[in-house]
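Got the model open in your viewer? Let's walk through it one selection at a time.

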Amino acid sequence: MITRRSPLEHELEMFRTEGEAALQYFFGYLALQLVPSKNPDVVERMDETAKFWITTRYALLMSAFVVLGRIFD
């Protein structure tokens with residue numbers, strides 16, 4: 001038997017999944033900010049491929065804002 005969700009249930013589910021995505025992106029961004037600041041060995045290794053980590057950190061932050069834009073659009 002197939003159960004149909006109401007439009008409200010559908011919107012709430014979309015809000016939940018988009019909110020989770022935004023949190024994952026933002027916490028990934030925070031991890032790339034905080035972990036290296038507390039561990040010099042991590043900074044040394046990240047410096048070997050600095051452009052990659054700078055790009056990744058920026059992409060995570062921008063992705064969080066894109067998802068928030070979808071939620072509140």
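Start by selecting Arg-57: this residue is partly exposed, with a relative accessible area of 32%. On the scale used here, buried means under 20% relative accessible area, exposed means over 50%, and partly exposed is what falls in between (1.4 Å probe, protein chains only). Accessible areas come from the Shrake-Rupley method with a 1.4 Å probe, and for residues only the protein chains shown count as cover.

Before going on, some ground rules: this is a predicted model, where local features need pLDDT of at least 70, side-chain atom pairs count only at pLDDT 80 or more, and totals for chains, interfaces and linings use all residues. Residues are numbered from 1 along each chain as its sequence is written, and side-chain values use heavy atoms, with hydrogens and water left out.

Back to Arg-57, which sits in helix α3. Helices here are DSSP runs (H or I, at least four residues), as are strands (E, at least two), numbered from the N terminus. Which residues does Arg-57 touch, not counting those up to four places away in sequence? Show Tyr-29, Leu-32 and Gln-33, and you have them. Contact means heavy atoms within 4.5 Å. Now draw a distance from Arg-57 to Leu-8: C-alpha to C-alpha they are 34 Å apart in space, and 49 residues apart in sequence.

**The core**

Next, select Tyr-29, Leu-32, Met-46, Leu-60 and Leu-61 together; these five residues form the largest nonpolar core. Such a core is a set of buried Ala, Val, Leu, Ile, Met, Phe, Trp, Tyr and Cys residues joined through side-chain atoms within 4.5 Å. Color α1 (7-38) and α3 (50-72), since each of them supplies at least two residues of this core. Then center on Met-46: leaving aside neighbours within four places in sequence, Met-46 is in contact with Leu-32, Pro-36 and Trp-53.

**Along α1**

Move on to Glu-18, in helix α1. Is Glu-18 buried or exposed? Glu-18 counts as buried, with a relative accessible area of 17%. Show what surrounds this side of the helix: beyond its neighbours within four places in sequence, Glu-18 is in contact with Val-67, Arg-70 and Ile-71.

Now pick Gly-69, which lies in helix α3 and is partly exposed at a relative accessible area of 37%. Gly-69 and Glu-18 are 51 residues apart in sequence, but their C-alpha atoms are 10.0 Å apart in space.

Go back to α1 and select Ala-21, which is buried with a relative accessible area of 19%. Also in α1 is Glu-20, which is partly exposed with a relative accessible area of 40%. Try a distance from each to Leu-60, C-alpha to C-alpha. For Ala-21 it is 11 Å, across 39 residues of sequence; for Glu-20 it is 13 Å, across 40 residues.

**Zooming out**

Switch to a cartoon of the whole chain. How many helices and strands does the chain have? You should find three helices and zero strands, in the pattern α-α-α along the sequence. The radius of gyration of the chain is 17 Å, well over the 11 Å that the globule rule gives for 73 residues, so the chain is more spread out than a compact globule. That radius is taken over C-alpha atoms, and the rule is 2.2 Å times the number of residues to the power 0.38. Along its principal axes, the C-alpha trace spans about 55 × 25 × 20 Å.

Turn on the surface to finish. The chain exposes about 6,200 Å², with carbon and sulfur atoms supplying 64% of it. Buried residues make up 16% of the 73 residues. As for contacts with a separation of 6 or more, residues 24 or more positions apart account for 74% of them.
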